Amino acid sequence: MEGFLEEELINLIVSEGAFGKNCNLISFKLYNCMTGMKEWWYRRIFCNIITSDGLHYSIMIKLKIQDLVLRECFGCDFMFDNELIFYEKIVPFLLECRGPTVNDAHALFLPRFFYGRNKCSKLMSNDLIVIENVITLGFCLSNDKVFLDYEHLTIALQTIAKFHGLSYTAKHKDPGRMYDVVKNLHNVQIDENGHWMSQHDVFKKCGKRGVDRLLERDGDRYRDRVHVRRLNKLLDDSENTLMRTLSGREPLSVICHGDLHRETLMFQYDEHGRPFDALPVDFFTLHYGSPALDVASFLYMSTTQQMRLVHWDDLMDTYCAALSASVPPGVRVPGRAEMDAEMAATAVNAFAKAMVGLPFLLRTRSDELDSLVTSDDPVDYFLALGGDKATECLADIVQHLVDMGYTDVGRDSHSDPVKNLIS
């Protein structure tokens, strides 16, 4: 979509009242200010516009990819619907329950939402989401391509805690309405028949990639460990395993972001280049479940083995302290012991995301092309991504899962955590 088509699109947004009634477009300027972020299943347009009332706006427009096969493969329609539900229904409810804040360090910043459309019709090219361009407010991606340093990790965990804290405050004030705003979220990991989206034993085979490497390098220590045997059983029954990790239990479940890592967290920096705030973006994979789904996924996607060895307790304590500070007095949030139990019950889900996500971030052009050329099995593509470095990283995560005893999947879970909100 170029030239006059983009102008036509922006005129449509303005004419439908995104920036106020009876406004017309005076001028607009397109630019690209986020070249470091990959776009796989949707496209971004950055734009400065001036409306007839003299106001200036800096916006980001998200558009679906036009390829119908890829659109269906990625579940774009459901993902766009989730983000629209988030901005149109969930955010107003959460902020209403939180109440006004003035210069509150414990308040989560979220970008302003202007417009959304997801009709999934022949006019799919007009399906879009328009939000504030937070880059103009000083938010940007970290320079680290995959793993974050301790400062970034602590700021990110404090932000994740603030996000989760909004759910606990809202459930405390109005659990019935909380049910209403989350019940229509799409679980994009499950297909229309109720089966896990990833087929061809991706989870099992990619998980064994990490297990086998751990046993190769330290078999005497780990081969007979009970949690290695448990993990192998969970991998063998991969679909049921992952489904159980998504089943939460009240009163601990929250609205989870579902995909937190280096490319979905943006940071603000002070004059010395140190991060002091963070912002989650891309709310397409929202899920109502254990807060540990977000915490474990973020940490396994963002930390090295050495960071986990030295600072795991510190990082977990950072999250728990920030969570407690983010809610008003009297609102119940999980303490460290409860979070440890939640991690044991759900961290395998985080491993499932890391076993595909980390190799993808660590991939090289050569190992990606080799896998495509030499095999007809799509699983081989994922097994080759990232090469030996990715295999070592997955083995490191398996080692951490085993050492921490994070194989307690299915403990006290409920089949429908949303309904338990009002039971």
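This passage describes the nonpolar cores, the cysteines and one helix pair of a predicted model. Local features require pLDDT of at least 70 and side-chain atom pairs pLDDT 80 or more, whereas totals for chains, interfaces and linings use all residues. Residues are numbered from 1 along each chain as its sequence is written, and side-chain values use heavy atoms, with hydrogens and water left out.

The largest nonpolar core (buried Ala, Val, Leu, Ile, Met, Phe, Trp, Tyr and Cys residues joined through side-chain atoms within 4.5 Å; buried, under 20% relative accessible area with a 1.4 Å probe, protein chains only) comprises 71 residues. Phe298, Tyr300 and Tyr319 have the most contacts inside this core. Helix H11 (residues 336-362) supplies its largest share, 12 residues; helices are DSSP runs of H or I, at least four residues, numbered from the N terminus. A second, separate core contains 40 residues, among them Tyr42, Leu108, Met178 and Met266.

Excluding residues up to four places away in sequence, Phe298 contacts (heavy atoms within 4.5 Å) Leu148, Leu153, Ala156, Leu157, Ile160, Leu260, His261 and Leu265.

The whole structure contains 0 disulfides (pairs of cysteine sulfur atoms within 2.5 Å). Cys47 is buried at 0% relative accessibility, and Cys256 is buried at 1%.

Helices H10 (residues 305-325) and H14 (residues 387-404) pack at about 25°, with axes 9 Å apart; axes are lines fitted to C-alpha atoms over the stretch in contact, and angles run from 0 to 180 degrees between N-to-C directions. H10 and H14 are therefore roughly parallel (under 35 degrees). Gln305, Arg308 and Trp312 of H10 meet Asp396, Ile397, Gln399, His400 and Met404 of H14.

Notes
Buried < 20%, exposed > 50% of the residue type's maximum accessible area, 1.4 Å probe, protein only. Helix = DSSP H or I, 4+ residues; strand = E, 2+ residues; numbered from the N terminus. Parallel < 35°, antiparallel > 145°, perpendicular 65-115°, else oblique.
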